[in-house]
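I opened the notebook today to look up a few spots in a new model. Here is what I had on screen.

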Amino acid sequence: MESYIRYADAIKRFVSVAGRLAAAKGLFDLPQPIASEAGLELLAEAELERGYAFETVLLMGDADTVSAARALQRQAWVLEQFARDQRSGTAEDWTRAFREFQDRRDAFYVAARKSLGVSAEFRFRSEDPAIRSPDPRRQL
């Protein structure tokens, strides 16, 4: 369980920094944009931590969870490419890539929960009624 939690936290941190960089480029509507120089340094540090955390998933995870973690990190790298100007695109392209990341994160959670024997229902973000309702941050 600790391996999965550490990895989930590390990839969340990595994508959060990528999102802040994307916000500074106008690709993402996030209230905490970060300047390129500082953000790229934080992104590099977050990638190192993500890689270290992934090793414990490789060591402790079952095959389905490892595969889900690999798919998740591949999509995180797509977001990193936007943040580093290695992939061109619009805000809509970023949003599509970010939603794909969220779906792959949910798939990782489902696989990890199954691996741990957690039987409680898990709802994908895209299926959650709370997410489908209007975002209060957009109604200001």
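My entries follow, grouped by place.

**Ground rules.** I am working with a predicted model, where local features need pLDDT of at least 70 and side-chain atom pairs count only at pLDDT 80 or more, while totals for chains, interfaces and linings use all residues. I number residues from 1 along each chain as its sequence is written, and side-chain values use heavy atoms, with hydrogens and water left out.

**The core.** I looked up the largest nonpolar core (buried Ala, Val, Leu, Ile, Met, Phe, Trp, Tyr and Cys residues joined through side-chain atoms within 4.5 Å). It has 34 residues, and Tyr-7, Trp-94, Phe-101 and Phe-108 touch the most other members. Helix 1 (2–24), helix 2 (36–60), helix 3 (63–83) and helix 4 each give two or more residues to this core; helices here are DSSP runs of H or I, at least four residues, numbered from the N terminus. Helix 1 gives the most, with eleven residues. I then checked the contacts of Tyr-7 (heavy atoms within 4.5 Å). Beyond four places in sequence, its partners include Arg-50, Phe-54, Leu-72 and Phe-108.

**Arg-105.** I found this arginine in helix 4 (residues 91–116). Which side chain of opposite charge is nearest to Arg-105? Asp-106 is, at 4.1 Å, and Arg-105 is buried yet has no salt bridge. Buried means under 20% relative accessible area, exposed over 50% and partly exposed in between, with a 1.4 Å probe and protein chains only. A salt bridge needs a side-chain nitrogen of Lys or Arg within 4 Å of a carboxyl oxygen of Asp or Glu. Not counting residues up to four places away, Arg-105 touches Lys-12, Leu-72 and Arg-125.

**Two loops.** Asp-85 sits in the loop between helix 3 and helix 4, and its phi is positive, about 60 degrees, although it is not a glycine. Most residues other than glycine have a negative phi. Asp-85 is exposed, at 57% relative accessible area. Lys-25, in the loop between helix 1 and helix 2, is partly exposed at 32%. Leaving aside neighbours within four places, I see Lys-25 in contact with Phe-82, Ala-83 and Asp-85. The C-alpha atoms of Lys-25 and Glu-45 are separated by 20 Å.

**Surface patch.** My last stop was a nonpolar patch of about 390 Å², made by Met-1, Ile-5, Leu-116 and Val-118. Such patches use residues with over 30% relative accessible area and no salt bridge, nonpolar side chains being joined within 5 Å. Leu-116 belongs to helix 4 and is partly exposed at 40%.

Technical notes. Lys, Arg positive; Asp, Glu negative; His and termini not counted. Patch = residues over 30% accessible without salt bridge, like charges linked within 9 Å, V, L, I, M, F, W, Y side chains within 5 Å. Areas by Shrake-Rupley, 256 points an atom, 1.4 Å probe, with all protein chains shown as cover.
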